[in-house]
Amino acid sequence: EGFVKVARVKVPDTSGAAHSEINLSMEASEGKCLRNCSCSAYTSEGGGICITWYGNLTDTRVLSNGGLDLYVRVDAVELGMLN
């Protein structure tokens, strides 16, 4: 398993299905999400704020300007097709 980067995203709705933690690097955010099989995506905001999502990613779209990089979990087969 791994993650696919989707650039310039309006991040998913955070009500009930997200968890945030401060002082985590991008690598630590990825590891945290990868260790939890329910984690479907993560991002890291400025200042080391890691946000992880569990379940469906609702209200997400790519923006022409702004937004954050969202790393969406994909299975190994799909990840292999992208490389």
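Me: Is Glu1 buried, partly exposed or exposed, judged by its relative accessibility?
Reply: This is a predicted model, and the values below are computed from it. A residue counts as exposed when its relative accessible area is over 50%. Glu1 has a relative accessibility of 56%, so Glu1 counts as exposed.

Me: Which residue meets the side chain of Glu1 in a salt bridge?
Reply: In general, side chains of opposite charge can pair when their charged atoms come close. For Glu1 the N to O distance in the salt bridge is 3.1 Å, which lies within the 4 Å that the definition of a salt bridge allows. The partner of Glu1 is Arg73.

Me: How many residues apart in sequence are the parts that the pair of Arg73 and Glu1 ties together?
Reply: The side chains of Arg73 and Glu1 meet in a salt bridge. Arg73 lies in strand E6, whereas Glu1 lies in the segment before strand E1 (2-10), so the pair ties together parts of the chain whose separation in sequence is 72 residues.

Me: Is Arg73 buried or exposed?
Reply: The limit for a buried residue is a relative accessible area under 20%. Arg73 has a relative accessibility of 14%, and therefore Arg73 counts as buried.

Me: Which elements does the salt bridge of Glu21 and Lys32 tie together?
Reply: The side chains of Glu21 and Lys32 meet in a salt bridge with an N to O distance of 2.5 Å. The two residues are 11 residues apart in sequence, and because each lies in its own element, the pair ties together strand E2 (residues 18-21) and helix H1 (residues 26-35).

Me: What are the relative accessible areas of Glu21 and Lys32?
Reply: Glu21 is partly exposed, while its partner Lys32 is buried. The relative accessible area of Glu21 is 31%, and that of Lys32 is 17%.

Me: Which residues are joined into one network by salt bridges that share partners?
Reply: Arg61 forms a salt bridge with Asp59, with the closest N and O atoms 3.4 Å apart. Arg61 counts as partly exposed at 46% relative accessibility, and Asp59 also counts as partly exposed, at 45%. Salt bridges that share partners make one network, and its members are Lys10, Asp59 and Arg61.

Me: Which two cysteines form the disulfide?
Reply: A search of the whole structure finds one disulfide. Its sulfur atoms are 1.9 Å apart, which is within the 2.5 Å set for such a pair. The two residues, both of them buried, are Cys33 and Cys39.

Me: Is the disulfide of Cys33 and Cys39 left-handed or right-handed?
Reply: The handedness follows from the torsion about the S-S bond of Cys33 and Cys39. That torsion is about -95°, so the disulfide is left-handed.

Me: How far from Cys50 is the nearest cysteine sulfur?
Reply: Cys50 is buried, with a relative accessible area of 1%. Cys50 is in no disulfide, since a disulfide needs sulfur atoms within 2.5 Å. The nearest cysteine sulfur is that of Cys33, at a distance of 7.8 Å.

Me: Is the aromatic pair of Phe3 and Tyr42 stacked or edge-to-face?
Reply: The count comes to two aromatic pairs. For Phe3 and Tyr42 the centres are 5.0 Å apart, and the angle between the planes is 90°. Planes over 60 degrees apart count as edge-to-face, and so the pair of Phe3 and Tyr42 is edge-to-face.

Me: Which residues do the ring pairs link into a cluster?
Reply: Phe3 is buried, with a relative accessible area of 13%, and Tyr42 counts as buried at 2% relative accessibility. Tyr42 and Tyr71 form a stacked pair, with 5.0 Å between the centres and 15° between the planes. This pair links strand E3, which holds Tyr42, to strand E6, which holds Tyr71. The ring pairs thus give a cluster of Phe3, Tyr42 and Tyr71.

Me: Which element of the protein chain has the lowest mean pLDDT?
Reply: The mean pLDDT of the protein chain is 88, and 94% of its residues reach 70 or more. Where pLDDT is low, the predicted coordinates should not be read in detail. Strand E6 (residues 68-74) has the highest mean pLDDT among the elements, at 93, whereas the lowest, 70, belongs to helix H2 (residues 76-82).

Notes. Residues are numbered from 1 along each chain as its sequence is written. This is a predicted model: local features need pLDDT of at least 70, side-chain atom pairs count only at pLDDT 80 or more; totals for chains, interfaces and linings use all residues. Side-chain values use heavy atoms; hydrogens and water are left out. pLDDT is the predictor's confidence in each residue, from 0 to 100. Helices (H or I, at least four residues) and strands (E, at least two) are DSSP runs, numbered from the N terminus. Buried means under 20% relative accessible area, exposed over 50%, partly exposed in between (1.4 Å probe, protein chains only). Rings of Phe, Tyr and Trp (its six-membered ring) pair if their centres lie within 6.5 Å; planes under 30 degrees apart count as stacked, over 60 as edge-to-face and the rest as tilted.
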